[in-house]
Amino acid sequence: MQISIIHVIISIVLFFILFFGIGFILNMLLRMTWIMAVLYPIVVLLIIDEVSFSEYFTDPKQSFANLAENIFLLTPADIIILFFGFLGALFSGYVMKLLRKKGYRMF
């Protein structure tokens, strides 16, 4: 399956904004600046795996083998899209630090 460049660009923007927003909200609620950057790899693994979360505990050998296979099957477009999601998560932490430095106490 091929993905067009328009879909890649739209997906890049959506993932960046989505994870920036989620990270920003988590930072406001939990007051932990880099929480989304830490949670992002877990979210990515949940996005790309094809087994349920409970199967990692009931059948870990097969689940992790499937996960490794799915990671190696990612296309360059998928990797770029996921990378920009990570950049959004990092940027949300940076913005929170900047807002706190400027004196916004609610952040």
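## A tour of the predicted helices

Select residues 71–96, where the chain is 88% helix and 0% strand and the end C-alpha atoms are 31 Å apart; helices here (H or I, at least four residues) and strands (E, at least two) are DSSP runs, numbered from the N terminus. The model is predicted, so local features need pLDDT of at least 70 and side-chain atom pairs count only at pLDDT 80 or more, while totals for chains, interfaces and linings use all residues. Residues are numbered from 1 along each chain as its sequence is written, and side-chain values use heavy atoms, with hydrogens and water left out.

The unreviewed UniProt entry places the feature "transmembrane region" at residues 6–26, 33–51 and 71–96; such positions are given in the numbering used here, with feature names shortened, and the annotations may be inferred rather than shown by experiment.

Next, select residues 6–26, a span that is 100% helix and 0% strand, with its end C-alpha atoms 30 Å apart. Widen the selection to helix 1 (5–30), which has 26 residues and reaches 37 Å from its first C-alpha to its last, close to the 38 Å expected at 1.5 Å a residue, the expected span being 1.5 Å times one less than the number of residues. Its buried residues are Val8, Ile12, Phe19, Gly23, Phe24 and Asn27, where buried means under 20% relative accessible area, exposed over 50%, and partly exposed in between (1.4 Å probe, protein chains only). These buried residues pack against helix 2 and helix 5, contact meaning heavy atoms within 4.5 Å. Ile5, also in helix 1, counts as exposed because its relative accessibility is 59%.

Just after helix 1, pick Arg31, which takes a positive phi of about 55 degrees, and then Thr33, in the loop between helix 1 and helix 2. Thr33 is buried, with a relative accessible area of 15%. Leaving aside neighbours within four places in sequence, Thr33 is in contact with Asn27, Gly93, Met96, Lys97 and Arg100. Show the side chains of Thr33 and Arg100 to see the polar contact of 2.4 Å that joins them; a polar contact is a pair of N or O atoms within 3.5 Å, and within protein one must be able to donate a hydrogen and the other to accept it, with residues adjacent in sequence counting only if both atoms are side-chain atoms.

Finish with helix 2 (residues 35–48), and look at Pro41, where helix 2 bends by about 30 degrees, the angle between axes fitted to the seven residues ending there and the seven starting there. Colour Ile35, Met36, Ala37, Tyr40, Val44 and Ile48, which are buried in helix 2; the buried residues of helix 2 pack against helix 1, helix 4 (60–72) and helix 5 (76–101).
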